[in-house]
Amino acid sequence: MKSNKRSMLFTMLAVGALTISAAASAAPPKRGESYSTYQQELAVCGHNQQDRAACIREAGAARQAAAQGGLTSAPDYRANALARCALQQPADRPACEARVLGSMGNTTASVDGSVMGGGVIRESVTTTVMPAPAPMMEPRPMPMPRPMPAPMR
């Protein structure tokens, strides 16, 4: 009988703990910077190509990570891209940096596509001025061959 009462008590405590934890997670978030960011992220859900439930889960996970100090500042993508350019061959490095930085010197760069669309394509076009070719001389006409002299008799 005592073990039956203990198991009932344990079950009631477990159910109570689950109820409290569910209520705490469903409680409205506190107002503040993380709340406004969370609201902005929720507003995007349903307007992008991601599943709405997954979007809401990720927004909640990001808010929780921010509350625990897990999210600091935005990563420096530009420095990361330039570090990848440092791995290129020395001859290819300036073109890589031009694609990352936009335009540089006699190089113009363009970006097409989006991450949500499947990828960003960066293109750079370098204009190289070639020296003018040397003028060609006009070919002279070949002289007519002279007739062979008549044999002597």
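Helix 4 passes helix 5 in a right-handed crossing, and this pairing is the main subject of the briefing. The model is a predicted one, and its secondary structure comes to five helices and two strands. Two packed helices are described by the angle between their axes and the distance between the axes, and both values are given below for this pair.

**The pairing of helix 4 and helix 5**

- Helix 4 covers residues 77-85 and helix 5 covers residues 93-101, and their axes come within 9 Å of each other while crossing at roughly 165°.
- Because angles over 145 degrees count as roughly antiparallel, helix 4 is roughly antiparallel to helix 5.
- On the side of helix 4, the residues that take part in the contact are Arg 78, Ala 81, Leu 82 and Cys 85, and they meet Arg 93, Cys 96, Glu 97, Val 100 and Leu 101 of helix 5.
- Sorted by class, the contact of helix 4 with helix 5 has six nonpolar and three charged residues, with no polar residue.

**The protein as a whole**

- Read from the N terminus on, the elements run α-α-α-α-α-β-β, so that the five helices precede the two strands.
- Buried residues make up 7% of the 153 residues in the protein.
- Among the contacts with a separation of 6 or more, 14% are accounted for by residues that lie 24 or more positions apart.
- The accessible surface of the protein comes to about 13700 Å², and 61% of this surface belongs to carbon and sulfur atoms.

**Thr 37 in helix 2**

- Thr 37 lies in helix 2, which covers residues 33-44.
- The relative accessibility of Thr 37 is 33%, and the residue therefore counts as partly exposed, since that class lies between the buried limit of 20% and the exposed limit of 50%.
- Thr 37 and Ala 59 are separated by 22 residues in sequence, and the distance between them in space is 8.9 Å, taken from C-alpha to C-alpha.

Note on methods:
Residues are numbered from 1 along each chain as its sequence is written. This is a predicted model: local features need pLDDT of at least 70, side-chain atom pairs count only at pLDDT 80 or more; totals for chains, interfaces and linings use all residues. Side-chain values use heavy atoms; hydrogens and water are left out. Axes are lines fitted to C-alpha atoms, for helices over the stretch in contact, and angles run from 0 to 180 degrees between N-to-C directions. Helices (H or I, at least four residues) and strands (E, at least two) are DSSP runs, numbered from the N terminus. Angles under 35 degrees count as roughly parallel, over 145 as roughly antiparallel, 65 to 115 as roughly perpendicular and the rest as oblique. A crossing is left-handed if the near helix is turned anticlockwise from the far one by less than a right angle, and right-handed if clockwise. Contact means heavy atoms within 4.5 Å. Ala, Val, Leu, Ile, Met, Phe, Trp, Tyr, Cys and Pro count as nonpolar, Asp, Glu, Lys and Arg as charged, and the others, Gly among them, as polar. Buried means under 20% relative accessible area, exposed over 50%, partly exposed in between (1.4 Å probe, protein chains only). Accessible areas come from the Shrake-Rupley method with a 1.4 Å probe; for residues, only the protein chains shown count as cover.
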